[in-house]
Amino acid sequence: MDKFTLTNIALKKHFSGSVVINHSPSTGYRSRCEFGYQKNHYIMHDVKGEKIYLKYFDIARPCIANLMPQILIEINRDDLIKTKLFQINYRCNSNNEVMVSFVYHKKITDELKIRANEISLKFNIQLIIRAKKEFYCSRDDLLIDSIDGLNITLYQTDQSFYQPNHFMMPRMVQKVIQMIKKPKDLLELYCGSGTFTLPLAKYFSKVFATENNRQSIRCLDKGIASNNIDNVNYARLSDDEVTELLEGRVFRRMNDHDFSAYNFSHILVDPPRSGLTDNVLNILKRFDKVIYVSCNPETYIRDIKLLDSFSISDIEIFDQFPNTNHLEIVSMLDKH
């Protein structure tokens with residue numbers, strides 16, 4: 001059975017309605033790609049761990065895929081660039097602007113910086129070079145993006161998490177917006193760089209977001225400022241610390257922000273593939289409405305069973321990674 005059938009069967013025990021499936025194009029969808037570099041090629045690994053040598057990657061957005069062979073030629077003809085280079089990463093935004101990162105096992109020299117600037121100008125890209133505790137960027141190291149259909153500006157760095165499917169990300173955000181009924185205030189865990197936080201600020205009175213990654217927090221802060229949003233506050237807190245916050249503990253990182261002033265109607269969680277921790281499951285039980293965005297149907301079903309005081313009131317599947325076993329789920333859980 002295919003992944004859609006398997007997921008639908010697993011969901012039947014928890015949701016009686018029909019589940020909408022949002023399909024992605026099978027090529028040209030990835031706006032974030034990471035490759036190793038060996039033997040004058042990009043490398044990836046298959047499911048068995050075997051190396052795959054590439055010059056082109058048709059799963060990437062065309063602005064990345066078309067650039068990849070050209071960048072590879074530029075690297076392979078220059079010993080300064082290729083020596084000790086072990087990773088090459090690509091990101092692009094909705095305007096087809098591309099950020100490329102070269103990651104090295106050597107010191108970044110002035111000569112290497114000069115070559116990075118030359119490559120940046122030649123291909124009109126933001127080029128970042130990284131080494132242990134060293135960093136250089138030919139331009140601003142933030143990549144600006146927007147969400148189709150929404151007047152929102154987002155930011156990412158070459159090290160922050162960002163939804164990789166160009167076609168599915170806007171649909172997922174729009175789905176979350178469409179599910180919201182009678183909003184008051186929102187608590188968001190795992191907020192990342194604000195992909196959901198910033199658009200949802202328009203629909204809630206106040207938003208409090210938490211995230212533990214410094215790069216993501218930096219992007220969120222920039223997004224709040226550039227979108228002139230005045231009802232979003234955030235803190236770098238772990239889920240354990242969020243529990244303590246809900247129980248009244250005061251953290252210095254809150255900068256005297258009054259957490260007790262919120263009247264939360266919803267909580268949004270977008271965890272890693274491992275799903276929700278026991279601690280987060282206990283946090284959710286304090287709320288009546290849970291927006292659960294999952295990148296792993298198996299851990300989603302596991303968590304839904306544990307959240308037995310909730311029912312799925314709305315759910316859709318998003319095929320973020322066509323021709324793989326991965327699926328993304330966006331759902332609303334209502335307390336009985």
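Biologist: What relative accessible area does R218 have, and which class does that give?

Modeller: Start with the classes: a residue is buried under 20% relative accessible area, exposed over 50%, and partly exposed in between (1.4 Å probe, protein chains only). The areas come from the Shrake-Rupley method with a 1.4 Å probe. R218 has a relative accessible area of 36%, so R218 is partly exposed. Please keep in mind that this is a predicted model: local features need pLDDT of at least 70 and side-chain atom pairs count only at pLDDT 80 or more, while totals for chains, interfaces and linings use all residues. Residues are numbered from 1 along each chain as its sequence is written, and side-chain values use heavy atoms, leaving out hydrogens and water.

Biologist: Which side chain does R218 meet in a salt bridge?

Modeller: The general idea first: side chains of opposite charge can pair when their charged atoms come close. The rule here is a side-chain nitrogen of Lys or Arg within 4 Å of a carboxyl oxygen of Asp or Glu. R218 pairs with D141, at 2.8 Å from N to O. R218 belongs to helix 8 (residues 214–226) and D141 to the loop between strand 8 (134–137) and strand 9, so this pair ties together parts 77 residues apart in sequence. Helices (H or I, at least four residues) and strands (E, at least two) are DSSP runs, numbered from the N terminus. At 15% relative accessibility, D141 counts as buried.

Biologist: How many salt bridges does the structure hold?

Modeller: There are 16 salt bridges in the structure. One of them joins R115 and D78, at 2.6 Å from N to O. R115 sits in helix 5 (residues 110–123), and D78 in the loop between helix 3 (67–76) and helix 4 (79–82), 37 residues apart. R115 is buried at 14% relative accessibility, and D78 is buried at 15%.

Biologist: Where in the chain are D185 and K206, and which network do shared partners make?

Modeller: D185 and K206 also form a salt bridge, at 3.4 Å from N to O. D185 is in strand 11 (residues 185–189) and K206 in strand 12 (residues 206–210), 21 residues apart. D185 counts as buried at 3% relative accessibility, whereas K206 counts as partly exposed at 30%. As for the network, salt bridges that share partners join E74, R77, D78, R115, E118 and K122.

Biologist: Now the cysteines: how many disulfides does a search of the whole structure find?

Modeller: A disulfide is a pair of cysteine sulfur atoms within 2.5 Å. The search finds zero of them. For C33, the nearest cysteine sulfur is that of C92, 7.6 Å away. For C63, the nearest cysteine sulfur is also that of C92, at 3.6 Å. C33 is buried, with a relative accessible area of 3%, and C63 is buried too, at 18%.

Biologist: How do I read empty space, and which residues are closest to the centre of the largest cavity?

Modeller: Rolling a probe the size of a water molecule over the atoms shows where empty space is left. On a 1 Å grid over the protein atoms alone, a cavity is a set of points where a 1.4 Å probe fits but cannot get out, and lining residues have an atom within 4 Å of a point. Points are joined across faces, edges and corners, and the volume is the space filled by probe spheres set on them. This structure holds one cavity of 30 Å³ or more, and the largest cavity has a volume of about 100 Å³. Of the 15 residues that line it, S94, D145, S146, H166 and M169 are the closest to its centre. Strand 9 (143–146) and helix 6 (168–179) are the elements that give two or more residues to that lining.

Biologist: And on the outside, which residues make the nonpolar surface patch of about 340 Å²?

Modeller: Patch residues have over 30% relative accessible area and no salt bridge; like charges are joined within 9 Å, and nonpolar side chains (Val, Leu, Ile, Met, Phe, Trp, Tyr) within 5 Å. M1, L6 and I9 make this patch. L6 lies in helix 1 (residues 3–12) and is partly exposed at 44% relative accessible area.

Biologist: What is the phi of N124, and where is N124 found?

Modeller: Phi of N124 is near 55°, a positive value in a residue other than glycine. N124 is in the loop between helix 5 and strand 7 (126–131), and N124 is exposed, with a relative accessible area of 56%. Y190 also has a positive phi, about 55°, although it is not a glycine. Y190 is in the loop between strand 11 and helix 7 (197–200).

Methods: 1 Å grid on protein atoms, 1.4 Å probe; cavity = no way out; pocket = protein on both sides within 12 Å on 5 of 7 lines; lining within 4 Å.
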